[in-house]
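Open the model in your viewer and keep the sequence panel at hand. We will go from the whole chain to one helix, then to one side chain.

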Amino acid sequence: MLTPSRSQRSKAELLRALTNVGKAHYGAIAPLRNATLHAESKTAPVSTWSPRRIRGAPLRTTIQIEPKRLYKTLTDATHKPLFDKILIANRGEIACRVIKTARKLGIKTVAIFSEVDKDSLHVQMADEAYCVGPAPSAESYLRMDKIIAIAKQSGAQAIHPGYGFLSENAKFATALEEAGVTFIGPPVSAITSMASKSESKDIMLSAGVPCVPGYHGSNQDPQHLLSEARKIQFPVLIKAVLGGGGKGMRIVYSESEFMEALESAKRESLKSFGDDNVLVEKYITKPRHIEVQVFGDTLGGVVSLWERDCSVQRRHQKIIEEAPAPGISEEIRKDLCDKAVAAAKAVGYVGAGTVEFIFDDDAKVFYFMEMNTRLQVEHPVTEMITGQDLVEWQLLVAAGNPLPLTQSQIPLMGHAFEARIYAENPRNNFHPDVGKLVYLSTPTASETVRLEEGFKQGASIEVFYDPLIAKLVVKGNDRTEALRVLRKALEEYQVVGLSTNIEFLRSLAGHPAFIEAEVETGFIPKHHSELFPPILPAKPQVLAQVGLYVLLRDLDDKARASLPTSATSSHSPWDTLSFRRFGGDVHKRIITLQSHSSGGDVKDEPIVYHVHVSSTIGKAGLVHNIQVFNASGGDLLGTFDNVSAQLDRTTHQLRCQLDHQLFRTTIVSEVPAHHGPASHASKEERLHVFGATDQAPDGSLVDSGRHTFTIPTPGWLASLASDAEKVIKGGGMRAPMPSVVVDVKVNVGEKVKKGQAIIVLESMKTETVLRASEDAVVISVGCKKGDMVEEGAELAMLQAPDA
């Protein structure tokens, strides 16, 4: 601890003291930064720190920090003991996140799980686990009665709700209070006030915080809401009163779109929050989304832990967050944080909360948007820049203890990013995906890289829940360094089995406008063409490596299958090669590969390549001469001679040398359960290539991202698929992803107009409306409300009147 006799110390002593301060703050969060490496460890890893890692902070400010306060509180005579056992009413990465901190503090944990989650990571990590019901959230994770019964049965003293599900449900908090179980969250009064966007805006206006113009009243008659929208003037934003996370939210650009958007927003709101009331606000076209992390205790103390920028979004949901917000002045930062603290005090706030603002970057003014009365998904970026464990703060405060630090003691160190890893296809309008994590390789955890994950290799992402797989969190001394760390970590993140947004995040993190911090909520549509560039044909070096992989993989498989049955059996490498032999000891094989300009989508015509491999036995083993051809034009794309290669089947790594360059490339094989539309339900093998390099314009070598190739289906099977396609060709409307049918808007024989809604689907809490692409007649309907449909399932058949 720093003593009062600072003025008598030498510079060396001050430097040692400053170093200890930094070590304490970094040490407080070290178990979280290294969660992947030390999830099962009982001791926190040792972290290194130097005074230079805090930049731009005056020495006196740093010295005033009291890092020991957190631990002193835990042993102080006035400290109230923490809970012995808590229940986590959630799943996935947030449940795992809470368990890690509870384990660090010696608190036992109880997990709940639906029937499809019985083998999930959070279930494995918890001390106890109880099934709470079938897969649908309404029958499991939203069943208050079952969750409270499990808490009593297990002896849990408190419930941590995580985020989503019941985390902001006042009825749940009230029921826990009546049951004598502590809710690790704010009081019911604060949840109620802040959950209502209309009431919360009234509170803000009373506190002098500007709000976006809009209608926040109780009259929910559609015609009245339309009348209010006309007064506000289009475009307007329809938003669920009890909403959050983009659910129940629709942007309406014209009056003609209003009623359909209102109906959809109300329906989604009712499913997500049990309430279909909405408000209507003016839609600001070029805003930034900046939020402030606040924390309150039961003694009236409230602090801010600085702000976060969450501007880059898709479907009104965040995908990348950073702290602190770039490009704002210290004066604006102070004003934002002061207003957020005042808002929290106005409702007697306790626990972790977030006050969200719309920020006009040109005018440098902000408007209150909403307050989330829970721990946010993006809380790790705040932890990284403050060195604090916010879940530990939650547990301390819920037990009746004061906040661990005062406002002046909360540091702001460096810059942090969080990238959300989603199961979704960005090139298909970010539609969510489901499936098994066939292969998963993540970045190595370190002082600057942290991974919050809820699923391991082999786990399945289900249609019933949010498609978030993990959160990749990084830190640097400044924004430039943190962004560089993020790009490197994304290069090392490899997933096979379902679509993810990893490649999109790489494009985003490398985009010049994002590097320059020119962020806004419309960033993705504004820079769409640069973020989704055409997928270029693969380089010959990549194709040659894939050819070598197939050759060595098949050789290894056949060698394993034909191992000698006795020590006297002869075994030649040529005995197992499925090549053609052309005299002497030269053996040839032609490997056909396909790739798609849309990144593997079967809708476009594939590019076909032939990789010719001639192999001979050299002194060091097999030596290969490779030629790569474009099959369609017969052009020779590249030649590589005297190539030796090794394949490690355990790590999926191919090691070879082409044109004097050593390559270490990961190639993973996948045989999907089905591939493409239902009529193409063949089992084409996909080969996923990671870590291949390409030549940049300046001549340097850069990671070329992920490549996916297919080994074509045999001709006879492809012919059958083609015949099936001809049978159903026409206006078939298919499910773009595994979904639940929410509504069927048409009947057989009905005439529909271009753009008219036909089928409404829901997948992972997100609605998708399938519309007619032209004026047509409904020939058939192949689904009904409530049906579960697979990707590619035919839902309706439309036919143009003149067809």
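The tour below has three stops.

**Before you start.** This is a predicted model: local features need pLDDT of at least 70, side-chain atom pairs count only at pLDDT 80 or more, and totals for chains, interfaces and linings use all residues. Residues are numbered from 1 along each chain as its sequence is written, and side-chain values use heavy atoms, with hydrogens and water left out.

**Stop 1: the whole chain.** Select the protein chain and show it as a cartoon. It holds 22 helices and 45 strands. These are DSSP runs, numbered from the N terminus: helices are H or I over at least four residues, strands are E over at least two. Of the 803 residues, 53% count as buried. Buried means under 20% relative accessible area, with a 1.4 Å probe and protein chains only. Now switch on the surface. The accessible surface of the chain comes to about 34300 Å², calculated by the Shrake-Rupley method with a 1.4 Å probe. Carbon and sulfur atoms account for 52% of that surface.

**Stop 2: helix α17.** Select residues 502–509. How many of the 8 residues of α17 are buried? The count is 6, so this helix is mostly covered. Pick them out one by one: I502, F504, L505, R506, L508 and A509.

**Stop 3: R314.** Go to strand β12, residues 313–314, and select R314. R314 counts as buried because its relative accessibility is 3%. Show side chains. The side chain of R314 makes a polar contact (N or O atoms within 3.5 Å, one able to donate a hydrogen and the other to accept it; residues adjacent in sequence count only if both atoms are side-chain atoms) with the side chain of E424, at 2.7 Å. Next, display what R314 touches: I319, Y422, E424, F430 and I524, leaving out residues up to four places away in sequence. Contact here means heavy atoms within 4.5 Å.

Methods:
Buried < 20%, exposed > 50% of the residue type's maximum accessible area, 1.4 Å probe, protein only.
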